[in-house]
Amino acid sequence: MAIETPTPVSAGTAAAPAPPSLSGRARLVLFVLCAAQFMVALDFSVLNVALPVLGEDLGLSRSGLQWAVTAFALPSGGFLLLFGRIADLFGRRRLFLSGLAVFGASSLLATMAWDPASFLAGRALQGLGAAVIVPTGMSLLTTTFPEGPLRDRALGISGTLLSLGFTTGMVAGGVLTDTLGWRSTMGLLSVAAVTVLALAPKLLTESRTPDRPKLDVPGAVTVTGGLLALIYSLSTAAERGFGGTDVRITLVLGVALLAAFVVVESRSAAPLVSLPMLRRRTVAFGNLGGLVTFSMMSTIVFVLTLYLQDLLDLSAFGTGLVFGVQGLASVAAGIFAPKVIGRFGARRVLMLSLLGQGLFIAALLGLGEDSGVWLATVAVSLASVCHLGAIIAYGLTVTSGVPDEEQGLATGLVTTTQQVGITIGIPLLGVLATTQGSLFDGVRLVVTAAAVVLVATGLVVGAGLRRAS
């Protein structure tokens, strides 16, 4: 793929060379890869405002609604590391196209769902497709564009579109649900997948790791099984409590498998996760901050959707507008955050962003049982500004000071933290939201818990990174 470079400046001239520009083909490649990431981000949000309507249509209980989110997020987080390594071994382009095909077909299944089981099966397969698309798409982007200004520019565009995808999903989800019904939100994703799949084969070239490392099968089995068991137990407990035998067994199994994963990785020649890297303070505390900011924000969006529609009787479109403002605030934050980080440093911005996110979420305790749309809009939007600052800051913190030969592992940890954070947030706090005497009490309890966790994590991360200086 050709990258256009500027004409060299003749000797003796003081003019600095212009930064390299993207060729027409490179722009198309970037469009395809960003469109795929945009589509996955869209999937995380487009269904949120449709959940109450969907629940009534398919017969999903309020506590069961979290499975509409968890069924997608669980495989997308659980299989991310495995598919990322498989792509390195057998070809990123090939796996990327396969992921698009699975995502498109499963979106069609979710569109045509006739009962909760068929819908959740479609959502789970969507998550499986996303677990393929996310790491392979990011790998194709970083291997297509050389390190330096071109890659920085490509990653910047990709990051902005991820935020825009979430915004578009919230607004489009409200409009589509009110006009064409909730099924159209899943139909939109199917059309998007088919469109990207039609363009990608002609533009992308095959890419794989030259040294062909061995696949860490024991590590993949233990981490995937552990995450699946853990999230299943927490999500089931949200409906039936922790008294069930299956809940207790899967909870213990999940913890045991994740502990086994740590042991396996310490002995593996080609681990999925580098334990020595996790001992770096910047990597450990940076990823802690990333895990918490993602898990708490996804949970707040979920419970606010129920609050706005079930308690305040706001329409799906109105709810979409509330989160649309939040998304626009995130996009604006994504533009200005790099400048703020450049001035104050990524570590300091990460700590302050976590603290700010926690304080603005705490402001949601002022919500009433019959009013609070404006407070919800302003507070969640300002919390999202801090959330975006934390996302960018933790990515830079984790990858800073890491040798070039380990940058791939560091970037993989950043992506995995994002997916796992989105996966565990709703099941962990969903129990609090759906098992209280009233939805309003549940919302207040989740808001309190999220605010406390964020502020505490901000202080811990700040102290840990200060010692790493």
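What follows is a chat about a predicted model of one protein chain.

Reader: Hi! To get going, how many helices and strands does the chain have?

Author: Hello! This is a predicted model, and its chain has 17 helices and 2 strands.

Reader: Thanks. What percentage of the residues is buried?

Author: Of the 469 residues in the chain, 54% are buried.

Reader: And how much of the contact in the chain is between residues 24 or more positions apart?

Author: Counting contacts with a separation of 6 or more, 82% are between residues 24 or more positions apart.

Reader: Let's talk helix packing. At what angle do α13 and α15 pack?

Author: The angle between α13, residues 316-344, and α15, residues 373-399, is about 35°. Their axes are 8 Å apart, and the crossing is right-handed.

Reader: Which residues of α13 and α15 meet there?

Author: On the α13 side they include Val-322, Ala-329, Ala-333, Ala-337 and Ile-341. Among their partners in α15 are Val-373, Val-380, Ser-384, Leu-388 and Ile-392. By class, this contact of α13 with α15 has 14 nonpolar and 7 polar residues, with no charged ones.

Reader: Let me pick one of those. Is Ala-337 buried or exposed?

Author: Ala-337, which sits in helix α13, has a relative accessible area of 9%, so this residue counts as buried.

Reader: What does Ala-337 contact, leaving aside its neighbours within four places in sequence?

Author: With those neighbours set aside, Ala-337 is in contact with Gly-389 and Ile-392. Both of these partners appear in the α15 part of the helix contact. There is also a distance for Ala-337 and Leu-388: 7.7 Å from C-alpha to C-alpha, with their positions 51 residues apart in sequence.

Reader: Nice. Moving just ahead of α13, where does Asp-313 lie?

Author: Asp-313 lies in the loop between α12, which covers 281-311, and α13. The residue has a positive phi of about 55°, although it is not a glycine.

Reader: Is Asp-313 buried or exposed, then?

Author: Asp-313 is exposed, because its relative accessibility is 64% and the cut-off for exposed is over 50%.

Reader: Changing topic: how many cavities of 30 Å³ or more turn up in a search of the whole structure?

Author: The search finds 1. The largest cavity has a volume of about 30 Å³.

Reader: Which residues line the largest cavity?

Author: The lining is made up of Tyr-307, Leu-364, Leu-365, Leu-367, Phe-440, Val-443, Arg-444 and Val-447. Helix α17, residues 439-468, provides the largest share, 4 residues. By class there are 7 nonpolar residues, no polar ones and 1 charged.

Reader: I was also looking at Gly-368. Where does that one lie?

Author: Gly-368 is in the loop between α14, residues 346-362, and α15. Leaving aside neighbours within four places in sequence, Gly-368 is in contact with Tyr-307, Leu-312 and Phe-440. Two of those names, Tyr-307 and Phe-440, are also in the lining of the largest cavity.

Reader: Why does Gly-368 count as buried?

Author: Gly-368 counts as buried because its relative accessibility is 19%, and buried means under 20%.

Reader: Ha, just inside the cut-off! How far apart are Gly-368 and Tyr-307 in sequence and in space?

Author: Gly-368 and Tyr-307 are 61 residues apart in sequence, and 10.0 Å apart in space from C-alpha to C-alpha.

Reader: On to pockets. What is the volume of the second largest pocket?

Author: The second largest pocket has a volume of about 550 Å³. There are 21 residues lining this pocket, and Phe-261, Leu-291, Thr-416, Thr-417 and Val-420 are the closest to its centre.

Reader: Which helix gives the most to the lining of that second largest pocket?

Author: That is α16, with 5 residues. At least two residues of the lining also come from each of α3, α9, α10, α11 and α12. The lining divides into 16 nonpolar and 5 polar residues, with no charged ones.

Reader: One last residue: what can you say about Thr-185?

Author: Thr-185 is found in helix α8, residues 183-203. Its relative accessible area is 0%, so Thr-185 is buried. Not counting residues up to four places away in sequence, Thr-185 touches Val-46, Leu-47, Gly-173, Leu-176 and Thr-177. Thr-185 and Ser-45 are 140 residues apart in sequence, with 10.0 Å between their C-alpha atoms.

Terms used
Residues are numbered from 1 along each chain as its sequence is written. This is a predicted model: local features need pLDDT of at least 70, side-chain atom pairs count only at pLDDT 80 or more; totals for chains, interfaces and linings use all residues. Side-chain values use heavy atoms; hydrogens and water are left out. Axes are lines fitted to C-alpha atoms, for helices over the stretch in contact, and angles run from 0 to 180 degrees between N-to-C directions. A crossing is left-handed if the near helix is turned anticlockwise from the far one by less than a right angle, and right-handed if clockwise. Contact means heavy atoms within 4.5 Å. Ala, Val, Leu, Ile, Met, Phe, Trp, Tyr, Cys and Pro count as nonpolar, Asp, Glu, Lys and Arg as charged, and the others, Gly among them, as polar. Buried means under 20% relative accessible area, exposed over 50%, partly exposed in between (1.4 Å probe, protein chains only). On a 1 Å grid over the protein atoms alone, a cavity is a set of points where a 1.4 Å probe fits but cannot get out, and a pocket is an open set with protein on both sides within 12 Å along at least five of seven lines; lining residues have an atom within 4 Å of a point. Grid points are joined across faces, edges and corners, and a volume is the space filled by probe spheres set on the points.
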